[in-house]
Amino acid sequence: MRLRVCKGRNIFLVGYLKIRVLSGTIDIFGKKFKENETAEIKRLTSAPLVALEDSDIEIEFGPDGYIAGVNFELLPQQWRECVNEILGLKVPAKVLVIADVDSGKSGFICYAANSILEAGKKVVIINTDTGQSEMNPPTTIGLACVENQIIHLSELKHAKAFFVGSTSPAGLFNRSITGVIKMLLEAQKLSPDFILINTTGWVHGPGGRELKETKLLAIDPDYIVFIEKVPGELEYLTTISSKLGKRFKVIPAAPRLRTRGREERRDLRKQYYTKEFEGAREIYISTDDVAFMYSYFGTGLPLDAEELMIIAQTLGFVPEYSEKTPDLILIITERNIPQEKTELLSKKLGRQVRILQPSAFENLLVGLLDENANLLASGIIRRFDPASRTLSILTKVDPEKVRIIALGRIKVTQEMEEVEWLEPWYI
Ligand SMILES: Nc1ncnc2c1ncn2[C@@H]1O[C@H](COP(=O)(O)OP(=O)(O)OP(=O)(O)O)[C@@H](O)[C@H]1O
Ligand SMILES: [Mg+2]
C-alpha cells in the first residue's frame, strides 16, 4: 500500500510492517528514514511514525500488521523534554528508566539512545529486564553498545550478559542486583557518555517496591526517568529520589502502544531463545572440570565408606551418583525411590537427603560462564549421565572456555518452549 503522509502527521504502526520511504523523511523513535530507506516493525510490537516533511511511503503488511492515523503526538512532548534534559547532563551519566509493564520503557530507551547518537555521543544500554530481554538472552541482564540508531532493542547484540536463570526476579533479588552492578562495571570499561538502564516492569507490591528501591540505591543513577501510566503511581520512588537529591523527571506513558499478554511475552521469548541457540550443538562436560553455581549438584564431597554402606543397606543398591554438602546429601539414580526410604535414609545419615532422577536435569536452562562469571552463552541440559558424571548440553559455547555452570530454574525444550519452573536450589 502507498500512503501520502503530511508533515507533522502521527501514525501508529502495529505488528509486522515493512515501510519504505519513497520521498520525504519520516521519524520512528527519533531515527530518521529518508528516500529509499526501509524500516521494519516486528510482530507483537508497535512504533510511532511522525512525518518530518510531506512524505510518500510504501507499506507491506504482515499478518498482524496495521496502521492508524492519530491526531495527537505518539511521542509525548514530555518525552522530548526529558531526552533534552538527559542530553544536558554532565557526562558520563547513568540514566535509570523505571515504569510498570507496557509503559514504553524499551521504546523510550530506543528514542533516548537515538537522540544521544545524533548528538554524537557514545551510549551503552543495560537491560535488566530478564523477562523481556529483547537484546540479551532470556533470564539474563545484558549490556550492548549502540553503534547505529534502532527502533527495537532486539536489533542490538549484547556484548556482555549476567545469568540470573529466571525470567522473573521473584525470589532472586540478590542475583538481580549483582547482575546490574556487574554490568555497570563492564559498561564503564567502554567509557560511554551515557549508560541507559532498562528495568523490569515490577514496581508494585512488596516485591516490586523492594526491587526498585534497592536497585535505585545500588545503581546510584545521575538521572531517573519515571514513566507513569497512572499519575502519581510511582510517588514512593519519586519521593525517595527527591529526598536523595536525585535529578529525575516523571513523564506519561506512551498514549498508544501494543500491549502484550503472558502468552505473547512467552512467544517473544521463544524468538529470543531461538536466536541464542542458533548454531548450537551438543557439548559434554564432566562435573569434575567446572564449578557449579545456584545448585547443590556438583558442589559436594564424596561420601565415605560407612555412609555408602548405610545408603546401600537402606536402598538395597549403590546409587550411580552421590555427594554430600553440609546442607544435604544428593543422590542421583535412575530408580524410583519411595519418600519413606528417603526419610529413613535422612534419619540414618543425620542429614537431609535429596534423591533425584537424571531426568530432573533434562531441558534445564543453564548459564555457561567465563572466568569473570559473565555469560559465554546459555545452554540447555540434554542429559546427565550419573555413572560418568557427564552433562550433555546444547549450546554454542566451546566447552574448553566454560569455568562455571550456573543452574537456571526454567526448563526449555529443543523447540524453545518454556515448559517447567523449578524451585531455585532444587537441584
Ligand atoms: N510512544 C510509542 N508509540 C507507539 N508505540 C510505542 C511507543 N513506545 C513504545 N511503543 C511500543 O509499544 C510496545 C510496548 O512498549 P515497550 O516495550 O517500550 O514497553 P515496556 O514498558 O518496555 O514493556 P515491558 O514491560 O514489556 O518491557 C513496544 O512494541 C514498543 O515498541
Ligand atoms: Mg521493555
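Colour the protein by accessibility to begin: in this predicted model, buried residues make up 56% of the 427 residues in the protein. Switching to a cartoon view brings out the secondary structure, which comprises eight helices and 26 strands, and if you turn the protein along its principal axes, the C-alpha atoms fill a box of roughly 85 × 50 × 35 Å.

**Domains**

Next, colour by domain, using the assignment that gives domain 1 as 2-70, domain 2 as 77-260 and domain 3 as 277-427. If you place a marker at the centre of domain 1 and another at the centre of domain 3, each taken over C-alpha atoms, the two are separated by 50 Å.

**Ligand 1**

Now select ligand 1 together with the residues around it, of which there are 25, with Ser46, Lys105, Ser106, Gly107 and Arg265 coming nearest. With the domain colours still on, you can see that this shell draws at least three residues from each of domain 1 and domain 2. Among the secondary structure elements, strand 7 (46-51) and helix 2 (105-118) each supply at least two residues of the shell. Recolouring the shell by residue class shows 10 nonpolar, seven polar and eight charged residues.

Zoom in on individual atoms, starting with Ser46, where a polar backbone atom is 2.7 Å from an oxygen atom of ligand 1. Moving on to Asp129, you find an N or O atom of the side chain 3.2 Å from an oxygen atom of the ligand, whereas at Arg256 a polar backbone atom is 3.4 Å from a nitrogen atom of ligand 1. Turning on the protein surface at this point shows how far the ligand is enclosed, since the protein covers 98% of the 620 Å² of accessible area that ligand 1 has on its own.

**Cysteines**

Select the cysteines next, and bear in mind that the structure holds zero disulfides. Cys110 is in no disulfide, and the nearest cysteine sulfur, which belongs to Cys145, is 15 Å away. Is Cys110 buried or exposed? Cys110 counts as buried because its relative accessibility is 2%, under the 20% cut-off. Cys6, by contrast, has a relative accessibility of 46% and therefore counts as partly exposed.

**Backbone details in three loops**

Go to the loop between helix 1 (77-87) and strand 10 (93-99), where Pro92 has its place. The peptide bond that joins Val91 and Pro92 is cis, with omega at about -5 degrees.

Then move to Thr139, in the loop between strand 11 (123-127) and strand 12 (140-145), where phi is near 75 degrees, a positive value in a residue other than glycine. Thr139 has a relative accessible area of 0%, so this residue is buried.

Ser191, which lies in the loop between helix 3 (173-189) and strand 14 (194-198), also has a positive phi, near 50 degrees, in a residue other than glycine. Ser191, however, is exposed, because its relative accessible area is 56%.

**The segment after strand 26**

Finish by selecting Ile427, in the segment after strand 26 (418-421). At 4% relative accessibility, Ile427 counts as buried. A distance drawn from C-alpha to C-alpha between Ile427 and Tyr111 spans 42 Å, for two residues that are 316 residues apart in sequence.

Technical notes
Residues are numbered from 1 along each chain as its sequence is written. Chains are lettered from A and ligands numbered from 1 in the order in which they are written. This is a predicted model: local features need pLDDT of at least 70, side-chain atom pairs count only at pLDDT 80 or more; totals for chains, interfaces and linings use all residues. Side-chain values use heavy atoms; hydrogens and water are left out. A residue is near a molecule or strand if one of its heavy atoms lies within 4 Å of it. A polar contact is a pair of N or O atoms within 3.5 Å; within protein, one must be able to donate a hydrogen and the other to accept it, and residues adjacent in sequence count only if both atoms are side-chain atoms. Accessible areas come from the Shrake-Rupley method with a 1.4 Å probe; for residues, only the protein chains shown count as cover. Helices (H or I, at least four residues) and strands (E, at least two) are DSSP runs, numbered from the N terminus. Ala, Val, Leu, Ile, Met, Phe, Trp, Tyr, Cys and Pro count as nonpolar, Asp, Glu, Lys and Arg as charged, and the others, Gly among them, as polar. Domain bounds come from an automatic or database domain assignment. A disulfide is a pair of cysteine sulfur atoms within 2.5 Å. Buried means under 20% relative accessible area, exposed over 50%, partly exposed in between (1.4 Å probe, protein chains only).
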